[in-house]
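This briefing is intended for a reader who has the sequence and the model at hand. Please examine the structure first, and then read the points below.

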Amino acid sequence: MVKALEGVRILDFTHVQSGPTCTQLLAWFGADVIKVERPGVGDITRGQLVDVPEADSLYFTMLNHNKRSITIDTKNPEGKRVLEELIKICDVMVENFAPGALDRMGFSWERIQEINPRIILASIKGFGPGPYEDCKVYENVAQCTGGSASTTGFRDGLPLVTGSQIGDSGTGLHLALGIVTALFQRTHTGRGQKVSAAMQDAVLNLCRVKLRDQQRLAHGPLREYSQFGEGIEFGDAVPRAGNDSGGGQPGRILKCKGWETDPNAYIYFITQAPVWEKICDVIGEPDWKTHPDYAKPAARLPRLNAIFARIEQWTMTMDKFEAMNILNKYDIPCGPILSMKELAEDESLRATGTVVEVDHPVRGSYLTVGNPIKLSDSPTEVTRSPLLGEHTEEILREVLKFSDDKIEDILATGALGVTSKVAAE
Ligand SMILES: CC(C)(COP(=O)(O)OP(=O)(O)OC[C@H]1O[C@@H](n2cnc3c(N)ncnc32)[C@H](O)[C@@H]1OP(=O)(O)O)[C@@H](O)C(=O)NCCC(=O)NCCS
């Protein structure tokens, strides 16, 4: 079966997390992704958070499936020539180096267009144009500068970063959409273009409901936030709202049986208005259906703490899965707090390929998250990440169509790390 992006060749000049998540998605959709790495070193994540000595770390393997690896010293003149040849025959070049690094290497956008006017250059930086455009940025910096940290956590506690990698993987997702959109536009124009995604922008995009609330503040208190019911005044910026639901349907994390010892014995419970009467019946408060303090959503808002305390008395009588089963029968939206252990063992996630077991020649088998986006005509098979420079010769021969003599000459310069074919074998 032909994959969705079959025939698209990606020059993957990315490292760490944000860029690699983008190119991994494109590889899962069938693109031929050629990862360019520094000889002898490679993507820095290969050696970070190592669990199995001598093996590429899970950090690297889990972000670089379905790719090929070529090592090139792109600061060496011969290495630059090889990179130029790759730019000529690729559809997309993706990079997430520090601001200015690609220009310093001699590959400005203008130069790249000269080499290949059809190529799409896709870049991730921490910030867009402005006062911080030259800054290096990692995940948590983006979470802090994109509005996530100031709105995550409890009102009386520190700003918090989240476990979801919205700055890195979130920006990678944004960039992937930009790339396929530019590929589509190229079918009309015949031209490439530059696609940019800033991590601050991506996080802010994912936090757009909080910018909504910022503007609502001008018209009065945010009545669905717990602090409204607690009688605590709002300041001039959106406060942290703990586990209050982000939407118009109040929700909370509530204890379930076993919470004293199990850190994940909790359920998220949403008091969705259309099922309020069922909630009253389930928790044993049928009078609330008609009581003026509880019957209507607006009346409930100042009383959310008391309401959720009562619901929690009910959820604490059973474990999170029992609660989920009962509530689902009544279409009451809820979700158990699932640990990474529970997710890793989840049969249904394995059945859909969202959790996949992959074999690796050095580390053996490991679990990863497969492609979360399912295409009916383009199924994803997750294959292991490449070893450093594993495909260097293959790419020179099969992709660039270099002769054996030319390959030998290039290897002898040391620009690709290995100095001869013999050494490469
Ligand atoms: C992530 C980040 C902070 C890492 O910084 P870093 O480890 O110092 O890496 P840099 O991107 O600055 O690159 C380091 C150098 O390696 C060089 N390099 C990279 N690949 C090379 C290769 N194959 N051959 C030779 N040199 C290479 C770069 O040209 C750069 O050299 P320079 O500083 O002389 O210009 C930075 O790349 C960045 O801010 N990226 C943009 C935002 C981003 O994606 N952040 C999230 C990462 S998950």
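**A ligand and its surroundings**

A backbone N or O atom of V137 is placed 2.7 Å from a nitrogen atom of the ligand. Taken alone, the ligand exposes 930 Å², and the protein buries 85% of that area. The model is a predicted one, and the points below describe first the ligand site and then the protein chain.

**Polar contacts with the ligand**

- The backbone of N96 also takes part, with an N or O atom 2.9 Å from a nitrogen atom of the ligand.
- The side chain of R38 contributes a polar atom that lies 2.7 Å from an oxygen atom of the ligand.

**The shell around the ligand**

- There are 23 residues around the ligand, and those that come nearest are R38, K75, R104, K136 and V137.
- By character, the residues of this shell comprise 10 nonpolar, 7 charged and 6 polar ones.

**The protein chain as a whole**

- The protein chain contains 19 helices and 11 strands.
- Its C-alpha trace spans about 85 × 45 × 40 Å along the principal axes.
- The protein chain has 425 residues, of which 46% count as buried.
- The surface exposed by the protein chain amounts to about 21,100 Å², and carbon and sulfur atoms supply 55% of it.
- When contacts in the protein chain between residues at least 6 apart in sequence are considered, 65% of them join residues at least 24 apart.

Conventions
Residues numbered from 1 in each chain as written. Predicted model: local features only at pLDDT ≥ 70, side-chain atom pairs only at ≥ 80, totals over all residues. Heavy atoms only, no water. Near = heavy atom within 4 Å. Polar contact = N/O pair within 3.5 Å; in protein donor to acceptor, adjacent residues only side chain to side chain. Areas by Shrake-Rupley, 256 points an atom, 1.4 Å probe, with all protein chains shown as cover. Nonpolar A, V, L, I, M, F, W, Y, C, P; charged D, E, K, R; others polar. Helix = DSSP H or I, 4+ residues; strand = E, 2+ residues; numbered from the N terminus. Buried < 20%, exposed > 50% of the residue type's maximum accessible area, 1.4 Å probe, protein only. Contact = heavy atoms within 4.5 Å.
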